[in-house]
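Student: I should like to learn how to read an interface between two domains. Could we work through one example together?

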Amino acid sequence: MKTQVCIIGGGPSGLLLSQLLHLKGVDTILLEKHSREHVLSRIRAGVLEHGFAALMREAECGERMDREGEIHEGFFIAHDGKLDRVDLHKYSGGSSVVVYGQTELTRDLYEARERMKGQVIHNVEDVTLHDLKSDAPFVTYRDGDKIVRIDCDYVIGADGFHGVSRKSIPKDVLREYEKVYPFGWLGVLSRTKPVSPELIYAKHERGFALCSLRSQVLSRYYIQVPLSDTVDEWSDAAFWEELKRRLPSEVSAKLVTGPSIEKSIAPLRSFVAEPMRYGRLFLAGDAAHIVPPTGARGLNSAASDIYYLYHALIDHYRKNDDAGLDAYSQKALARVWKAQRFSWWMTTLLHSFPSNIPYDNKLQETDLAYLLSSERALGSLAENYVGLPF
Ligand code: APR
Ligand code: PHB
């Protein structure tokens, strides 16, 4: 087989890029390790910055997002038994975010790819990248007993943190930066009315908690837990009780509980791989970087990679101009690191760190008090949360 751009990974990054390129007449083949059902069974984050929402519309995939997603102009920070609202709209100069689940967004992208007869190949095994430093790279995969070869101009590694693309870059070329936090988030999805129309990020001495939502009938809640905890140790009743303890009483009194329809623990980790290009291979999204979920940057950082790559590839094919491709790694990483900084800051501000000495806790309290008393500090929070410009 032959294509212009071979994309590895059918998560939001790979799907969005293939859809955008297709609309501009660039041919792609997308290879996904799992079935579509498997990809759509993963529960991930749900806050989209306005730039991402605009990209979804450009990809002709924004209709349901605009109909069913909710525009949020603020969120709450709970601390010391009270709630403070962060007015994103005011402090970001009129911006907002869209609350729309990643699962739904991925479903919309798959449906668009299907509608346009895009080539998306599922259940591929042993994907291997070849000759990335040459002008004629190719990708192979196994389909049963058969090895299939795809010749292409470029390979896009959008295969997530555990994918094969990053691992195809020689160790002496790649530099990896990592920070592992000493806790995880236990998340519960439940068919209950959300406790608050806007998200609540709660700082509490027992640990962080987050009240989020997917719709007015579907809630998503999280609590910080030690890494040694397992899902089996947390009954639904124990989860709700612990969540209530970490929320101000005016909130916990209103909390509607119900059976969990999904429950999982995700460790918190920051990771960046540099550079994001190796010859004809370009990394995008989780394949190159991940963040703790606190600042809702994961999916949004993937979106800015796709924005840069999309424009760079179009310049290459339409104008024979490779400046965008040559600048991709540097440009993408500059924004990635800002998202890393913001996620680290928000995580540090709101979580309980087991190794903190009393001095650290005082600094953390002061950081929060300063934030809530300074319009400029709130402005910094707001501009990062709604998304820095691409
Ligand atoms: N071959 C083909 N596909 C692969 C391979 C492989 N060797 N390894 C992994 N994949 C697939 C995974 O099955 C997955 O569907 O690549 C896809 C990567 O998708 P994501 O992990 O969702 O990564 P990405 O598309 O970059 O999405 C960005 O933002 O909210 C965050 O972490 C969250 O997934 C989210 C991310
Ligand atoms: C979510 O709804 O899953 C969610 C929202 C905001 C975050 C993290 C996760 O910061």
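**Reading a domain interface**

Tutor: Let us begin with the buried area. In this predicted model, domain 1 and domain 2 bury about 2200 Å² between them, and 63% of that area lies on carbon and sulfur atoms.

Student: Which three residues supply more of the area that domain 1 buries against domain 2 than any other three?

Tutor: They are Ile43, His72 and Leu349, which supply 25% of the area on the domain 1 side.

Student: Which parts of the chain do the two domains comprise?

Tutor: A domain may be assembled from separate segments, and the assignment shows this here: domain 1 takes 5–72, 97–178 and 269–349, whereas domain 2 takes 182–268 and 353–386. Their C-alpha centres lie 28 Å apart. To the contact, domain 1 gives 27 residues and domain 2 gives 26 residues.

Student: How many salt bridges and how many residue pairs in polar contact are found between domain 1 and domain 2?

Tutor: The two kinds of pairing are counted separately. The rule finds zero salt bridges across the interface, while seven residue pairs are in polar contact, with both residues at pLDDT 80 or more.

Student: Which elements give two or more residues to the side of domain 1 that touches domain 2?

Tutor: They are strand 3 (47–49), strand 4 (70–72), strand 7 (97–99) and helix 10 (323–350). Helix 10 provides the largest share, eight residues.

Student: What is the make-up of that side by residue class?

Tutor: The side of domain 1 that touches domain 2 has 12 nonpolar, eight polar and seven charged residues.

Note on methods: Residues are numbered from 1 along each chain as its sequence is written. Chains are lettered from A and ligands numbered from 1 in the order in which they are written. This is a predicted model: local features need pLDDT of at least 70, side-chain atom pairs count only at pLDDT 80 or more; totals for chains, interfaces and linings use all residues. Side-chain values use heavy atoms; hydrogens and water are left out. Domain bounds come from an automatic or database domain assignment. Contact means heavy atoms within 4.5 Å. Buried area is the accessible area (1.4 Å probe) that two parts lose on being put together, summed over both. A salt bridge is a side-chain nitrogen of Lys or Arg within 4 Å of a carboxyl oxygen of Asp or Glu. A polar contact is a pair of N or O atoms within 3.5 Å; within protein, one must be able to donate a hydrogen and the other to accept it, and residues adjacent in sequence count only if both atoms are side-chain atoms. Helices (H or I, at least four residues) and strands (E, at least two) are DSSP runs, numbered from the N terminus. Ala, Val, Leu, Ile, Met, Phe, Trp, Tyr, Cys and Pro count as nonpolar, Asp, Glu, Lys and Arg as charged, and the others, Gly among them, as polar.
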